[in-house]
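Please find below a short note on selected residues, set out as numbered points. Each point may be checked against the structure as it is displayed.

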Amino acid sequence: FTQLDGAYYSQDPLNRATVGDAQDGWGFRRARLAIQGNVAPWTAYQIEMDFATAGRPSFFDTYIDQGNLDYLGNVKVGQFCQPFSVDSLTGFRNLTFLERSLPFLAFVPFRRVGLQSSVLSDDEDTSLAYSVFRTGGFNNAPLGDDRYA
């Protein structure tokens, strides 16, 4: 999956003096390659890399998921989107706007390395997911990220 962004700016001298020279340009917002599959009927995996991240390729959703466990439902281990909000569990292909909201970016622990358990009710009307995850000081963590998990 790729998303290519481009921008061309036209500025008058007053705007250029006020906000600076806006640079025209093109660049990849997202350039991802994913491999996913099943190793057994209830065991799935995914390895996803993003090549548009500044500096180097980065792991995004990379995990193994074991399903059909008594009391625990599905257990996921690795780096994945945390079950914090509907916004965090909505894929970027289904976003209303180009990016997620600013409060989401400021307050939500998005992709983290951790362990998650999730269950779905028999009538499939209710789900529950809980997770423990590592914070701060690793790939894709915002600077100063010290949120507890």
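1. R111 touches R32, F60, D61, Q79, F80 and C81, when residues up to four places away in sequence are not counted. The model in which these contacts are found is a predicted one.

2. As to its place in the fold, R111 belongs to strand β6. R111 counts as buried because its relative accessibility is 11%, and buried means under 20%.

3. How far apart are the C-alpha atoms of R111 and R134? The separation is 10.0 Å, while along the chain the two residues are 23 residues apart.

4. A second buried residue deserves attention. Q82 is found in the loop that runs between β5 (73–81) and α2 (86–89). Is Q82 buried or exposed? With a relative accessibility of 2%, Q82 counts as buried.

5. The surroundings of Q82 may be listed in a similar way. Once its neighbours within four places in sequence are left aside, Q82 is in contact with S88, L89, P109, F110, R112, S131 and F133.

6. The surface should also be considered. D122, D123, E124 and D125 gather there in a patch of negative charge. One of these residues, D125, lies in the loop between β6 (111–120) and β7 (127–133). D125 counts as exposed because its relative accessibility is 65%, and exposed means over 50%.

7. In summary, R111 in strand β6 counts as buried, and Q82 in its loop likewise counts as buried, whereas D125 counts as exposed.

Key:
Residues numbered from 1 in each chain as written. Predicted model: local features only at pLDDT ≥ 70, side-chain atom pairs only at ≥ 80, totals over all residues. Heavy atoms only, no water. Helix = DSSP H or I, 4+ residues; strand = E, 2+ residues; numbered from the N terminus. Buried < 20%, exposed > 50% of the residue type's maximum accessible area, 1.4 Å probe, protein only. Contact = heavy atoms within 4.5 Å. Patch = residues over 30% accessible without salt bridge, like charges linked within 9 Å, V, L, I, M, F, W, Y side chains within 5 Å. Areas by Shrake-Rupley, 256 points an atom, 1.4 Å probe, with all protein chains shown as cover. Salt bridge = Lys/Arg side-chain N within 4 Å of Asp/Glu carboxyl O. Lys, Arg positive; Asp, Glu negative; His and termini not counted. Charge placed at Lys NZ, Arg CZ, Asp CG, Glu CD.
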